[in-house]
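Me: I should like to go through a structure by question and answer, with the cut-offs stated as each term appears. Please display the sequence and the structure before we begin.

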Amino acid sequence: MHPRLPLPEASDGDDLEGFLAWLREAIPQVAHYGIHLPAWDATTLHWQVALDANLNDKGTGFGGALAGETTLLGWCWTTLWLRARGRAQDVVIAEGQQRFLAPVTTDYHMQCFPLEVDGIDRLEASLAEKGRGRIKLVQRVYCGDTLCMEAQGSYAVLK
């Protein structure tokens, strides 16, 4: 078993570039994804991704890499959301699914946000009551304005 790399201390307005640097070290595969320019606006996490780091044999985005990146984006959303509230809890994906809608042919951008309007409120209530909870998130992959992939995941916040 490899040693766990602890998260850096959270701060107001989490340092997203610092978080991404930690992520590349803590999960070595992340360094190969070509993720850059993370941004957080209210309830949506965004990042840009370089296609050349994620090519398949057809010269388009590799579905396995896209699935991994969407799963990771949801994990990051949940972890950053917790950190903004001063909570240091483990997060795991409990369930996920993907729909591939169009080939990824250029560098792309991704976004993640809650699936349900009351998802954040329900997670907050569950954390307050039980110390753990779940949230359903949507991750979308775009080439320009074209939606190429949509994924959904249920992320569990452990005690």
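Me: Why does Asp15 count as partly exposed?

Reply: This is a predicted model, in which local features need pLDDT of at least 70 and side-chain atom pairs count only at pLDDT 80 or more, while totals for chains, interfaces and linings use all residues. Residues are numbered from 1 along each chain as its sequence is written, and side-chain values use heavy atoms, with hydrogens and water left out. Buried means under 20% relative accessible area and exposed over 50%, with partly exposed in between (1.4 Å probe, protein chains only). Asp15 counts as partly exposed because its relative accessibility is 48%.

Me: Which residue offers its backbone nitrogen to the side chain of Asp15?

Reply: Asp15 is found in the segment before α1; helices (H or I, at least four residues) and strands (E, at least two) are DSSP runs, numbered from the N terminus. A polar contact is a pair of N or O atoms within 3.5 Å; within protein, one must be able to donate a hydrogen and the other to accept it, and residues adjacent in sequence count only if both atoms are side-chain atoms. At 3.3 Å, the side chain of Asp15 reaches the backbone nitrogen of Glu17.

Me: Which element gives the largest share of the largest nonpolar core?

Reply: A nonpolar core is a set of buried Ala, Val, Leu, Ile, Met, Phe, Trp, Tyr and Cys residues joined through side-chain atoms within 4.5 Å. The largest one has 39 residues, and Leu23, Leu72, Trp75 and Tyr108 have the most contacts inside it. Two or more residues each come from α1 (16-26), β2 (44-49), α2 (63-84), β4 (108-114), α3 (119-130), β5 (133-143) and β6 (146-157). The largest share, ten residues, is that of α2.

Me: Which residues of 141 to 143 does Tyr108 touch?

Reply: Contact means heavy atoms within 4.5 Å. Leaving aside residues up to four places away in sequence, Tyr108 touches Trp47, Gln48, Val49, Ala50, Leu51, Asn54, Leu66 and Glu69. From the stretch in question, Tyr108 touches Val141, Tyr142 and Cys143.

Me: How many residues apart along the chain are Glu124 and Arg85, which meet in a salt bridge?

Reply: A salt bridge is a side-chain nitrogen of Lys or Arg within 4 Å of a carboxyl oxygen of Asp or Glu, and by this rule the count comes to six. The side chains of Glu124 and Arg85 form one of them, at 3.6 Å from N to O. This pair links helix α3, which holds Glu124, to the loop between α2 and β3 (91-100), which holds Arg85, so the separation along the chain is 39 residues.

Me: Is Glu150, the salt-bridge partner of Arg99, buried or exposed?

Reply: The side chains of Glu150 and Arg99 meet at 3.7 Å, N to O. Glu150 lies in strand β6 and Arg99 in strand β3, 51 residues apart. Arg99 is partly exposed because its relative accessibility is 47%. Glu150, at 13%, counts as buried.

Me: Which residues are joined into one network by salt bridges that share partners?

Reply: The side chains of Arg122 and Glu116 also meet in a salt bridge, at 3.1 Å. Arg122 is partly exposed at 45%, and Glu116 is partly exposed at 24%. The network built from shared partners consists of Arg99, Arg140 and Glu150.

Me: What is the average twist from one strand to the next in the open sheet?

Reply: Two strands pair if DSSP finds at least two bridges between them. Six strands form the open sheet with antiparallel pairing, in the order β1-β2-β4-β5-β6-β3. Its edge strands, each pairing on one side only, are β1 (35-41) and β3. From one strand to the next, the twist averages 20°.

Me: What angle does the direction of α3 make with that of β5?

Reply: Axes are lines fitted to C-alpha atoms, for helices over the stretch in contact, and angles run from 0 to 180 degrees between N-to-C directions. β1 and β2 pair over five bridges. α3 packs on the sheet, touching β4, β5 and β6, and its direction makes with that of β5 an angle of about 145°.

Me: How many bridges join β5 and β6?

Reply: Nine of the twelve residues of β6 are buried, so β6 is largely enclosed by the rest of the structure. On β3, Glu95 stands opposite Ser154 in β6, and nine bridges join these two strands. In the hairpin of β5 and β6, which has two residues between the strands, Gly144 takes a positive phi near 60°. Val138 stands opposite Gln152 in β6, and the number of bridges between β5 and β6 is eleven.
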